[in-house]
Amino acid sequence: MTKTRNDRLLNFAIRYGFLLLMIGLIIYFSLFAPGFATPRSAVFILQSVALTGILALGVTCTLVVDGFDLSIGSVATSALMLSAYSMVILEQSALVAVLLCLFMGAFIGLINGLLIVKCRVPDLLATLGMMFLLIGLQRIPTQGNSIATGMSLPDGNVAEGTFSAAFLWIGRHRFDVVLERLVPVPVIVFIVLAVVIWAFLGLTRHGRLMYAIGSNERAATLVGTNVNRYKIVAYMISGVMASIGGILLAARLGRGDIASGNNLLLDSVAAALIGFAVLGASRPNAFGTAIGALFVGILLQGLTMMNAPYYTQDFVKGAVLVLALVFTFYLAWRKGNSSEA
Amino acid sequence: MESPALTIGSITKSFGSNSVLLGIDLALAPGEVTVLMGANGAGKSTLVKIICGVYQADGGSMSLAGQPYQPRNAAEAIADGVVTVHQNIDDGVIPDLDVANNLLLDRLTQRDAPLFVRERTMRKEAKQHADAMGITVPVTARVADLGIADRQMIGIARAMARAPKVLILDEPTSSLSSQESKRLFNLIDRLRDQGVAILYISHRMTDIRRVANRIIAMRNGKVAGVFEGDNIDYEAAVTAMLGHSLSDVTLPAVERGKPVLQISGMQLKPDWPAFDLTAHAGEVIAVTGLLGSGKSMLASAIFGTRKPHSANMSIDDTPYLPTHPQDAVERGVFMSPKDRGNNAVVGAFDIANNMTVPFLSAFSRFSLLSGRKQREAARRMIDDIGVVCQSDADGIGTLSGGNQQKVMIARWLLKECRVLLLDEPFQGVDLGARRDIGEYIRNTAQERATIIFVSEVDEALEVADRVIVMNEGDITGDHTNQQLDVSLLLSQITSSHAA
């Protein structure tokens, strides 16, 4: 009798533990951090997690096919530099800049995928190599300088182009929802992409086959799945998501800042991994990833409002990640064991 | 015979220098069950993989209902109506998806399938297929949480769901109890009546007698005999498959020494019964049973990699309670695990290093390895057990499966031991190597107790003095290998306690 009760408790903890923890945090901060429970603060949290969240959704797709993409951070910063370069130095329109960046993301994803499925380079190593390559590449055209209107070019001229208003709108415009100028565009983009990726992975046959590949590649091959194509697609999605993140970052900053986006990789990987624990999925999933990103955002915002110093942030993120991983792996293992015995 | 559904003409295939198929001809008629028999390493599985598009033949041709048939991958084979249930259960199911998804997975790979998965209709359809197969687990259950037999049934049910023209079943009963097998056989009867051409791979005589219209015996990559008609000569088929008849294998009776390993009250799982087992010096015991019968669990319990629910063990009358392989090795209990690719072979090492890896301390002084000593020992073993290689410095990956296995076994014969456990030592090993290994194990067995865990009965009969049958965690048979009643043995293996 007690055993089944324990089992039920364990199941409950696995399924809802993380969500309850998050609700608990929200209640705690609402009570003890003045100003936490307001629309502005909620939007601020969303805005702070939008970029990492978008990248994390891309990582989720590669995790689903049992892969990994370390290059997302550098794809995002490359997109940042490319958009700045195309507008400021090549004097192109916002549309051209955005299309260029999206194309670059897809192309890098394609190369990653080909390296992994055709050249048989292990995923971590292929994308690590790509990460280095991109970090270097994005600095070559400007000789290591950041890009801004009025910068002097190697040929002695001054860069005449500017970030177009339309481009900056992507990063800075705020829609009126309830309050005036409340919801910024990146938050909308994040929510839309989260829903799209969630639907793709969870509801379509393509998503289902990608999960099948991640769970048992051989079996998936033997039922006639084109495993290689799906893997490449996963990396292309990851690349495109990362480039969207880079575009949004560029539009918010308004300049091609060489030093920004350093934390993007680790934060987004953490969000995707925390997502394993949400609803006891024990596997990568878009809903979990979005919640994972939000969880970190809420925790950091709450702590900041309670005057925790900024340098504790990474420690807190790490602790959350470790906790989530224990939730996922230890509890799932316990569950597997108790059902076997 | 009607015009054949699938015709195969002089198919050849080799892997490197290792020729596996040396020109196979066969034809499958619609509405007929053709049984393909062959010992381990005869090339059955390779042939199956060529038919279902996983491998490409080096030479020869295939035609499907008169049309040339050349599947380049699994998907094309399935699209052409050639559906296979693979021997390795884990090649057939996706553990993280539920039963419904597993049953209808290949629907999702079709081009004209709707973009969005319709969960509800899918479950409904899956339920119908599951009911037709007598699968009782809910279609929403995650496959990872199911037992082996259920997984196997799901793999088979999925093949049925595709309405195949040619159905290939590669040892489908290897993990099924007799009742589950009965369900499968009824289904095969139904498909046969519908005109499906069935290729059934097995060397289990009870199954073969039940389903076969025709038997093709394979040996060493060739067809060794075709047997058909109303009265199939099963004995002749077995003889053709083995190159000798089953009862021909006579092993000299051995003197049993004193008890070495004594096990009493061994209860592997809480809901399984307790049993006793004593292994004597000098005897070679084969423990046989279906997948999931508990034989691997017993091996791990003795070697200390898995804690049994309760057990009393002693070696040479001193209590023995291993909690870790280290304890076992210290007490002289060695185990060569099954599935050498995952559990034994160190791919980056050469032969000498692979062989000596458990006993490196014996080959080193102050932790400094002596390469010379390692190589001397390895060379001795290579000669003794007959590893076919250029030198002891060959990479392990350059050897054939049989020779790799010889190295893995030799690893545990470098030192004297009290109890030698061999879990599936003949897996993926050709007949020649299998004989060498069996002979060497028998020749060195005088001082120790040897227990071999095998799922194939003919392997057990070939090597053991005593054959012990495990079934659902209990010992259900204990035979001396002299005038052994093979049909009694087989029924002990497959009988279900519930039945």
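**Notebook: the interface of chains A and B, and two helix pairs**

I began with the contact between the chains, which takes 22 residues from chain A and 31 residues from chain B. I note at the outset that this is a predicted model.

**Entry 1. Area of the interface**

The size of an interface is often given as the accessible area lost when the parts come together. I therefore looked up that value: chain A and chain B bury about 2200 Å² between them. Of this area, 58% lies on carbon and sulfur atoms.

**Entry 2. Polar links across the interface**

I next asked how many residue pairs are in polar contact across the interface of chain A and chain B. The rule finds nine such pairs, with both residues at pLDDT 80 or more. I then recorded which parts of chain A supply the side that touches chain B: α7, α8 (205–215) and α9 (217–222) each give at least two residues. Helix α8(A) gives the most, with seven residues. Sorted by class, this side of chain A has nine nonpolar, seven polar and six charged residues.

**Entry 3. Salt bridges**

Side chains of opposite charge can pair when their charged atoms come close. Between chain A and chain B I found a count of one salt bridge. The side chains that meet in it are those of E119(B) and R208(A), at 2.7 Å from N to O. Over all chains the count comes to 27 salt bridges. I placed the two partners in their helices: E119(B) lies in α5 (residues 119–133) of chain B and R208(A) in α8 of chain A, so the pair joins two chains.

**Entry 4. Helices α7 and α12 of chain A**

Two packed helices are described by the angle between their axes and the distance between the axes. In chain A, I looked up α7 (residues 185–203) and α12 (residues 286–305), whose axes come within 8 Å and cross at roughly 150 degrees. That angle is over 145 degrees, which makes α7(A) roughly antiparallel to α12(A). On α7(A) the contact is made by F190(A), A194(A), I197(A) and W198(A), and on α12(A) by A286(A), F287(A) and A290(A). I classed the residues of this contact as seven nonpolar, no polar and no charged.

**Entry 5. Helices α6 and α7 of chain B**

Are α6(B) and α7(B) roughly parallel or antiparallel? Helix α6 (residues 148–161) and helix α7 (residues 178–193) of chain B pack at an angle of about 5 degrees, with their axes 11 Å apart. I therefore entered α6(B) as roughly parallel to α7(B). Helix α6(B) brings A149(B), M153(B), I156(B) and M160(B) to the contact, while α7(B) brings E180(B), R183(B), L184(B), L187(B) and L191(B). This contact has seven nonpolar, no polar and two charged residues.

How values were computed:
Residues numbered from 1 in each chain as written. Chains lettered and ligands numbered in written order. Predicted model: local features only at pLDDT ≥ 70, side-chain atom pairs only at ≥ 80, totals over all residues. Heavy atoms only, no water. Axes fitted to C-alpha atoms, helices over the stretch in contact; angles between N-to-C directions. Helix = DSSP H or I, 4+ residues; strand = E, 2+ residues; numbered from the N terminus. Parallel < 35°, antiparallel > 145°, perpendicular 65-115°, else oblique. Contact = heavy atoms within 4.5 Å. Nonpolar A, V, L, I, M, F, W, Y, C, P; charged D, E, K, R; others polar. Buried area = accessible area lost by both parts, 1.4 Å probe. Salt bridge = Lys/Arg side-chain N within 4 Å of Asp/Glu carboxyl O. Polar contact = N/O pair within 3.5 Å; in protein donor to acceptor, adjacent residues only side chain to side chain.
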